[in-house]
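Morning, everyone. Please have the sequence and the structure open while I talk. I'll keep this short.

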Amino acid sequence: MFEAVSDGGEVTAVRPFAGDADPSPVLGNIPGSVRHRSRVTGPMVRRGWLENGPGPSQRRGDDEYVPVSWDELTTLLANEFRRVIDRHGNSAIYGGSYGWASAGRFHHAQSQVHRFLNVLGGYTRSVHSYSLGATGVIMPHVVGTHWKLFARSTSWENIAEHTELLVSFGGVPLKNTGINHGGTSDHPTRGALDALRERGGRIVSITPLRDDVHGEHEWIAPVPGSDVALMLGLAHTLVTEGLHDEDFLARYCTGYDRFERYLLGETDGEPKSARWAEAITGVPASDIAALAREMAARRTLVTVTWSLQRTRFGEQAPWMGVTLAAMLGEIGLAGGGFGHGYGSMNEPGLAPVPYPLPTLPQGINPVKTFIPVAAISDMLLHPGEEFDYDGQRLTYPDVKLVHWAGGNPFHHHQDIGRLRRALTRPDTIVVHDPYWTPMAKHADIVVPSTTSLERDDLSCTRNDPLLVAMHAAAPRHADARDDYDTFAAVSAKLGVAERFTEGRTAQQWLEHLYDQWRDWVLRDGGEAPEFGEFWARGHVRMRTEDGLVAFEDFRRDPDGHPLATPSGRFEIFSDTIDGFGYDDCAGHPRWYAPDEWLGGERAERYALHLVANQPKTRLHSQLDHGGTSQASKVRGREPIRLYPADAAERALSGGDVVRVFNDRGACLAGVVLDDGVRRSVVQLATGAWYDPLDPGDPNAMCVHGNPNVLTADVGASSLSQGCTGQHVLVEIEKWTGDLPPIRAYDPPPVAAGSRYSE
Ligand code: PGD
């Protein structure tokens, strides 16, 4: 949350929210963003689509755009919806439309597009997220929920006060705690970890990147992707030394005995000892055993970041994390137990509000077809084919129209070359975005959206005490429109305006949503002023549930507060998952060697393990052209961090531009040397806008540094099919050619006029 200072139609400065202990540096991207040259200035249609009509096309990403009037644009959209629905049915519309977009609750782009498509009779949807694809499926089987693990997690105050040993797989990276969807008014993570240390608590961070925890801590850097083997080695020490809590395992868990047989090697002849784990992880067995003993001796919180599940077999790390914490027997106790996502977003550890949020109702989708969100290329390339998902055998629909609002698949999806081939398939691609992102440059119909700085809205999230009046800070740029106005206009042309708008203007919606929310607060005995006063005051403070300890109720009374699993207990063995018979996700957590890791054969060709993680300098790909993001670039390219000896072996120095490549693709990046990166590991954040050397070639090198030209488009497992973008093997060489210009933020070629407007 911030206050914007504007001048001449542009936001020129931002001031962090007063009282925020540790504001995010990402705010530095906002000044100058309203009138940036990469804005879409008006409605546009791709020339090939305009001239030839809907149909598959190789020209997406390499065509000219023709400006049209708003009336023409909404007519084209209405006609195309009518054609696709009449001829192919509503399941031929893919409205997955995944993405973060902006913080406001009413103008939230995904809510808007889903509501609109539901009014039209529904659409093929996507389930889960790129953040949490594996967790979202596995954790309901294991702990009965996934979102409560974050939204109702042990509070930072509790951790600061009671945790003696924090063992964090993936660290607690402050860079990610800058942000929460829906806005965030305070950032307590840094202070909580400092307080824990001041009290004599110890932090062990298990990650290839030292700066995943700030300040003093013990850094253990196993081979990336081998965390589950390390956890098994810790678990084996606990059980062989009699340090595990048998009472807890018997009372609160099911299936531990079957897991233990695997752990001890009774089922496969391979005890998962500390020595076994050393061979896989590279961490000395004596260190593993010593850590296990310390974990058993002190109040220990085991945390697993979301990044650990954004990879092949990603289900195993959170599942094994819970199992390890269960063996320690401190789940439900102050400062102990298990946490998932501390350091992944500014939500875990923050107190939840007890009310529903004032969000735009999305309506009901009568179409039952869905895909796991990261299966978009598979869906477009393989219509009619079957695939596995969470015990079901599903079929990919034959999608003719892709409708995107508020997301950037060229940022979030893996194997961009394959994505580009997939995007040649549909008849029509519609993208709403304020900016000419790579996705907008692949659209047939481009709808210029306003940014959240140009409209009034409500901001709030489920783990922040403030409901904020987001006052527009600048007038609408050029011909941009709110997505709500676009959907209202298209609805009118399709004769369903009343159902979409319910007769309200955007302003009336804000008041309506606020009034509904206020009723909940007042019924709860809380205080909230009338809308007019709230709007003038700027925010209202809600009651929060402070000092939570995750699973405290369950621990106190497991029968009265059972988990929502089949057994009502933590499922260390899941009969349900076992019954699916998958060879890549068994009935209990176990070690699977991934394909993209230093321990496999592929590393002989591509000797560096690339961690493609979340950026420090922006939210995903948003405002990549902003001040904070640009200041980090090296000769205009995204920085790639590598260990000095790995650089020396390749005759590289800081500031060099390198080609990062594997058999899927290549990108340029700028070298930053850092001994805080594990040997044989390189780190290149996601979010540099895809910038192909030759826009006509789907396999073109990205000259800017988007790591998703390298990542594999493969699901985490048959269970979740979750996103696996975090890890990929690469090789690096010095770029000795001419340095191609960065064109990522330039608009595509735009024709002067349209035959429709002549
Ligand atoms: P953003 O860059 O936030 O990325 O993927 P996501 O698609 O959410 O895209 C949001 C878009 O919304 C921007 O283009 C922005 O301009 C647009 N926008 C903003 N406001 C509005 C508005 O009001 N209306 C409309 N119509 N548009 C708006 C994020 C995803 O990436 C996530 S959540 C994760 S966790 C994944 N992480 C990784 C990873 O760790 N590694 C790899 N390799 N890949 C990943 N991809 C995933």
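I'll go through the record's domains, then the sheets, then the cavities and pockets.

One thing up front: this is a predicted model.

Domains first. UniProt, in an unreviewed entry, lists residues 39-492 as "Molybdopterin oxidoreductase". Over that stretch the chain is 35% helix and 15% strand. Its end C-alpha atoms sit 27 Å apart. The unreviewed entry also lists residues 608-724, as "Molybdopterin dinucleotide-binding". There the chain is 9% helix and 21% strand. The end C-alpha atoms of residues 608-724 are 17 Å apart.

Now the strands. Start at the N terminus. β1 covers residues 2-7 and β2 covers residues 10-16. They pair antiparallel, over six bridges. If you want one pair to look at, take Ala4, whose bridge partner in β2 is Val14. Two residues separate the strands of this hairpin. Gly8 takes a positive phi there, near 60°.

Next, an open sheet of six strands. Read the order with me: β4-β3-β18-β17-β16-β5. The pairing is mixed. Which strands stand at the edges? β4, residues 65-67, and β5, residues 93-94. Each has a single partner strand, so one side of each is left without a neighbour in the sheet. Helix α3, residues 109-119, packs on this sheet. It touches β5 and β16, and its direction makes about 145° with that of β16.

Look inside that sheet as well. β17, residues 428-433, and β18, residues 445-448, run parallel. Four bridges join them. One pair to find on screen is Val431 with its bridge partner in β18, Val446. A general reminder while you're looking: in a regular strand, side chains alternate between the two faces of the sheet.

There is also an open sheet of three strands, β19-β20-β21. Its pairing is antiparallel. The edge strands are β19, residues 457-459, and β21, residues 539-541. Each of these has just a single partner, so one side of each lacks a neighbour in the sheet. From one strand to the next, the twist averages 15°. β20, residues 466-470, is joined to β21 by three bridges. Within that pairing, Leu467 has Val540 as its bridge partner. Helix α19, residues 506-523, lies across β19, β20 and β21. It runs at about 35° to β19.

Now the empty space. How many cavities of 30 Å³ or more does a search of the whole structure find? Six. The largest cavity holds about 470 Å³ of space. Its lining has 33 residues. Nearest the centre are Lys175, Asn176, Ser307, Gln614 and Gln726. By class, that lining is 15 nonpolar, 13 polar and five charged.

Last, the second largest pocket. Its volume is about 460 Å³. Of its 20 lining residues, Lys148, Arg152, Phe551, Asp553 and Leu563 are the closest to its centre. What supplies the lining? α5 (148-151), β12 (337-340) and α21 (552-556) each give at least two residues. The largest share, three residues, comes from α21. By class, the pocket lining has eleven nonpolar, five polar and four charged residues.

That's the tour. Over to you for questions.

Note on methods:
Residues are numbered from 1 along each chain as its sequence is written. This is a predicted model: local features need pLDDT of at least 70, side-chain atom pairs count only at pLDDT 80 or more; totals for chains, interfaces and linings use all residues. Side-chain values use heavy atoms; hydrogens and water are left out. UniProt positions are given in the numbering used here, feature names are shortened, and annotations may be inferred rather than shown by experiment. On a 1 Å grid over the protein atoms alone, a cavity is a set of points where a 1.4 Å probe fits but cannot get out, and a pocket is an open set with protein on both sides within 12 Å along at least five of seven lines; lining residues have an atom within 4 Å of a point. Grid points are joined across faces, edges and corners, and a volume is the space filled by probe spheres set on the points. Ala, Val, Leu, Ile, Met, Phe, Trp, Tyr, Cys and Pro count as nonpolar, Asp, Glu, Lys and Arg as charged, and the others, Gly among them, as polar. Two strands pair if DSSP finds at least two bridges between them. Contact means heavy atoms within 4.5 Å. Axes are lines fitted to C-alpha atoms, for helices over the stretch in contact, and angles run from 0 to 180 degrees between N-to-C directions.
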